[in-house]
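This report describes the fold, the burial pattern and selected side-chain contacts of one protein. The sequence and the coordinates are shown first, and the discussion follows.

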Amino acid sequence: MEEKKQGRREKFTPESTGEGRPQPHNLEVERAVLSSMLRDPDVGVNVAVEILGSADAFYSHVHRIIFSAICAIHNSDDRKVDLVTLANELKRNNSLDTVGGVEFLAELYDAVPTTVRMESWCNIVREYATLRRMINVCSESLAKCYQPQSNIGELIDQIESDIYEVRSSELKSSVVEIQDMLEKEFNALKDILEKKVEVGIKTGYNQLDEYTGGLKKGEMFVLAARPSIGKTSIALNIIRNIALNKVHSRTVAFFSLEMTAEQITRRLLCTEAKVAESAFWNNTFSQNDMPRLTEAASKFMDARILIDPTGGISIAELRAKARLMKMRDKIDLIVIDYLQLMHGSNRENRQQEVAEISGGIKALAKELKIPILVLAQLNREVDKTAGASSKPKLSHLRESGAIEQDADVVVFLHRNRDDTKDKGGTVPTKAWLIIEKNRNGRTGEMELAFRSEWMEFVLPSPISPVEAPPSMVKHQER
């Protein structure tokens with residue numbers, strides 16, 4: 001009797017599969033996603049649809065109705081998503097009372113104070129939806145096993161197929177057949193040869209552009225230097241060259257973690273006008289300089305430069321803001337000043353945090369299909385061990401080798417620290433741009449002259465104390 005009992009199969013019940021209790025879900029996170037879609041529909045709806053796919057990802061029937069209504073409004077040509085249009089859409093579908101009325105929609109809008117974590121909330125909702133799909137598939141598979149209506153081989157094959165379908169829906173396919181890309185890339189190369197398009201955005205420094213092809217789409221371009229060498233100055237010089245280019249004017253987003261928007265604007269104006277900013281503070285400004293300042297201001301009136309002076313911005317915040325700027329303002333370039341002032345999610349291990357930030361910047365460049373010029377700090381140890389005149393190397397990148405790994409191009413800005421002392425404000429000092437890594441081209445270095453009174457890096461001219469013409473020292477090709 002005991003032997004017969006042991007050989008008997010356990011009876012199948014709903015409770016044994018988890019039925020009778022709520023399936024995995026998080027209603028608070030679902031509300032956060034919907035709230036983000038309402039607060040920032042231009043970006044939020046697209047992000048939610050891309051990650052979640054459809055309303056089925058929501059556990060709550062009410063949330064599924066609201067999600068579908070928001071998407072319907074967003075996809076229409078004559079309406080924008082807000083509380084009024086959402087209420088009207090739900091009322092038109094006889095669903096407004098079902099979801100809890102206008103009062104519930106107002107509460108939903110205030111569910112989160114910011115949309116910065118929108119992407120991570122969507123991922124949580126998707127993960128719970130995947131778990132529920134797997135529970136349903138497994139429950140149906142158990143039922144089929146207890147009451148098989150086909151041979152065992154076909155049954156196992158069907159179960160494997162159902163589970164694989166859940167798994168494949170969770171993964172985003174990144175595999176592309178080369179045949180699908182050939183025509184597109186062939187035409188792109190043809191357009192470059194025929195000068196119809198630029199390889200990359202020109203920085204205004206011809207020799208740098210010659211070696212790198214400019215700032216190319218999807219690439220992470222690192223410009224690194226030791227403290228007080230002029231990273232911000234040359235970054236603003238590049239921004240000015242790009243934004244004021246009359247032939248190929250571009251929209252630039254500048255994330256400044258050190259300077260305010262007022263400081264940046266003032267620096268750009270003074271550099272373009274060739275007026276020393278210090279003249280305003282030490283009473284040496286002349287009214288004869290005013291026409292140049294006025295002309296500089298008129299040039300920037302047509303420039304498209306977006307300044308975000310948020311200090312200590314996180315990689316998640318940067319990603320959210322950049323996506324919005326790409327969609328709303330059609331930005332062509334992002335400049336970040338500078339990488340080590342940003343924050344990641346891992347605050348306990350600084351090297352891992354910097355690696356997360358660096359990898360996030362590279363991924364963002366690929367996602368938005370625009371170049372990202374990011375400034376980085378070099379270790380002060382190079383001054384102690386090699387002297388003020390020593391040129392930096394990749395090993396001097398501060399805090400993380402991941403920067404070197406993620407970057408497509410690494411350029412060092414170098415000046416002899418002994419030459420940075422005040423020489424009366426009118427004598428240029430020598431500087432070099434050293435192309436130390438170039439994933440798709442050659443490496444080398446070029447000479448510049450730094451005019452500290454205007455915070456401007458220029459090509460050396462025969463009439464300046466920096467007499468040598470611009471030179472490129474070719475390194476071994478990589």
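A residue is termed buried when its relative accessible area is under 20%, exposed when that value is over 50%, and partly exposed in between. Arg319, at 23% relative accessibility, is therefore partly exposed. The model discussed here is a predicted one.

**Overall composition**

The protein comprises 478 residues, of which 45% are buried. Its secondary structure consists of 18 helices and nine strands. Of the contacts between residues at least 6 apart in sequence, 70% join residues at least 24 apart. The exposed surface of the protein amounts to about 26,200 Å², and 50% of this area is supplied by carbon and sulfur atoms.

**Helix α15**

Arg319 belongs to helix α15, which covers residues 315–329. Once neighbours within four places in sequence are set aside, Arg319 is in contact with Glu119 and Leu364. The C-alpha atom of Arg319 is separated by 9.9 Å from that of Ala365, a residue 46 positions apart from Arg319 along the chain.

Leu324 is also found in helix α15. Is Leu324 buried or exposed? Its relative accessible area is 18%, and because the limit for burial is under 20%, Leu324 counts as buried. With residues up to four places away in sequence not counted, Leu324 touches Asp40, Val43 and Asp329. Leu324 and Gly44 are 280 residues apart along the chain, yet their C-alpha atoms are separated by 9.1 Å.

**Helices α4 and α12**

The table sets out the span of two helices, as expected at 1.5 Å a residue and as found between the end C-alpha atoms.

| Helix | Residues | Expected span | End-to-end C-alpha distance |
|---|---|---|---|
| α4 | 61–75 (15 residues) | 21 Å | 21 Å |
| α12 | 231–243 (13 residues) | 18 Å | 18 Å |

For α4 the expected span agrees with the distance between its end C-alpha atoms, and the same agreement holds for α12.

In α12, 12 of the 13 residues are buried, so this helix is largely enclosed by the rest of the structure. Among these buried residues are Lys231, Asn237 and Arg240, together with Ile234, Leu236 and Ile238. Lys231 also lies over the face of Tyr338, at 5.3 Å from the ring centre.

The buried residues of α4 include Val62, His63, Phe67 and Cys71. The buried residues of this helix pack against α2 (27–39), α3 (41–52), α5 (83–92), α6 (96–99) and α7 (101–109).

**Aromatic and charge–ring arrangements**

A pair of aromatic rings is described by the distance of the centres and the angle of the planes. The structure holds two aromatic pairs. One of them is formed by Phe58 and Phe67, with 5.1 Å from centre to centre and 45° between the planes, and is classed as tilted. Both partners are buried: Phe58 has a relative accessible area of 1%, and Phe67 has 3%.

A charged side chain is placed over a ring at Tyr109, where Arg39 lies over the face at 4.8 Å from the ring centre.

**Cysteines**

How many disulfides does the model contain? With a pair of cysteine sulfur atoms required to lie within 2.5 Å, the count comes to zero. Cys122 is buried, with a relative accessible area of 0%, and Cys270 is likewise buried, at 5% relative accessibility.

Methods: Residues are numbered from 1 along each chain as its sequence is written. This is a predicted model: local features need pLDDT of at least 70, side-chain atom pairs count only at pLDDT 80 or more; totals for chains, interfaces and linings use all residues. Side-chain values use heavy atoms; hydrogens and water are left out. Buried means under 20% relative accessible area, exposed over 50%, partly exposed in between (1.4 Å probe, protein chains only). Helices (H or I, at least four residues) and strands (E, at least two) are DSSP runs, numbered from the N terminus. Contact means heavy atoms within 4.5 Å. Accessible areas come from the Shrake-Rupley method with a 1.4 Å probe; for residues, only the protein chains shown count as cover. Rings of Phe, Tyr and Trp (its six-membered ring) pair if their centres lie within 6.5 Å; planes under 30 degrees apart count as stacked, over 60 as edge-to-face and the rest as tilted. A charge sits over a ring if NZ of Lys or CZ of Arg is within 6 Å of the ring centre and within 35 degrees of the ring normal. The expected span of a helix is 1.5 Å times one less than its number of residues.
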